[in-house]
Amino acid sequence: MADMYLIGCTTPPNLSGTSLAAQCPIANRRAFLVDSAKLEAANLQLELIPSSIESERIQDMAQLFGLMVLVLVGVWGAKQLLRIFSDDTTKD
């Protein structure tokens with residue numbers, strides 16, 4: 001089994017930071033070797049902080065969705081045109 005490491009911050013993290021480097025400076029980070037027995041017995045606590053959704057991201061996702069719908073309609077229309085002008089009349 002491969003070695004597993006847990007990276008921890010030796011000081012309380014700065015939660016106002018947006019990156020790992022801002023939350024826990026490199027000087028305060030430590031890597032601990034974890035084996036399966038210790039991992040099962042460990043009592044870990046995680047705090048999940050949801051990120052806010054920015055309006056620019058919402059606009060980008062809406063634009064991407066619109067472009068995908070446009071591509072879908074374009075492919076469907078091309079298929080219909082091909083069906084109209086094809087010589088195979090057994091499908092009609």
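Which helix does Met61 lie in? Met61 belongs to helix 3 (residues 55-85), and the views below start from the whole chain before coming back to this residue. This is a predicted model, in which local features need pLDDT of at least 70, side-chain atom pairs count only at pLDDT 80 or more, and totals for chains, interfaces and linings use all residues. Residues are numbered from 1 along each chain as its sequence is written, and side-chain values use heavy atoms, with hydrogens and water left out.

**View 1. The protein chain holds 3 helices and 2 strands.** Helices (H or I, at least four residues) and strands (E, at least two) are DSSP runs, numbered from the N terminus. Read from the N terminus, the elements follow the order β-α-β-α-α. Of the 92 residues, 3% count as buried, where buried means under 20% relative accessible area, exposed over 50%, and partly exposed in between (1.4 Å probe, protein chains only). The accessible surface comes to about 8,800 Å², with 63% of it belonging to carbon and sulfur atoms; areas come from the Shrake-Rupley method with a 1.4 Å probe, and for residues only the protein chains shown count as cover.

**View 2. Confidence varies among the elements.** Mean pLDDT (the predictor's confidence in each residue, from 0 to 100) is 79 for the protein chain, and 73% of its residues reach 70 or more. Helix 2 (residues 36-41) has the lowest mean of the elements, 59, while helix 3 has the highest, 94.

**View 3. Tyr5 sits in strand 1 (residues 4-9).** Tyr5 counts as exposed because its relative accessibility is 55%. Leaving aside residues up to four places away in sequence, Tyr5 touches Phe32 and Leu33; contact here means heavy atoms within 4.5 Å. Tyr5 and Leu33 are 28 residues apart along the chain, yet their C-alpha atoms are separated by 4.6 Å.

**View 4. Helix 3 lies largely in the open, because the number buried among its 31 residues is 0.** At 1.5 Å a residue, helix 3 should span 45 Å, and its end C-alpha atoms are 45 Å apart, which agrees. The expected span is 1.5 Å times one less than the number of residues.

**View 5. Met61, Leu64 and Met68 make a nonpolar surface patch of about 320 Å².** Patches are made of residues with over 30% relative accessible area and no salt bridge (a side-chain nitrogen of Lys or Arg within 4 Å of a carboxyl oxygen of Asp or Glu); like charges are joined within 9 Å, nonpolar side chains (Val, Leu, Ile, Met, Phe, Trp, Tyr) within 5 Å. Met61 counts as partly exposed, because its relative accessibility is 49%.
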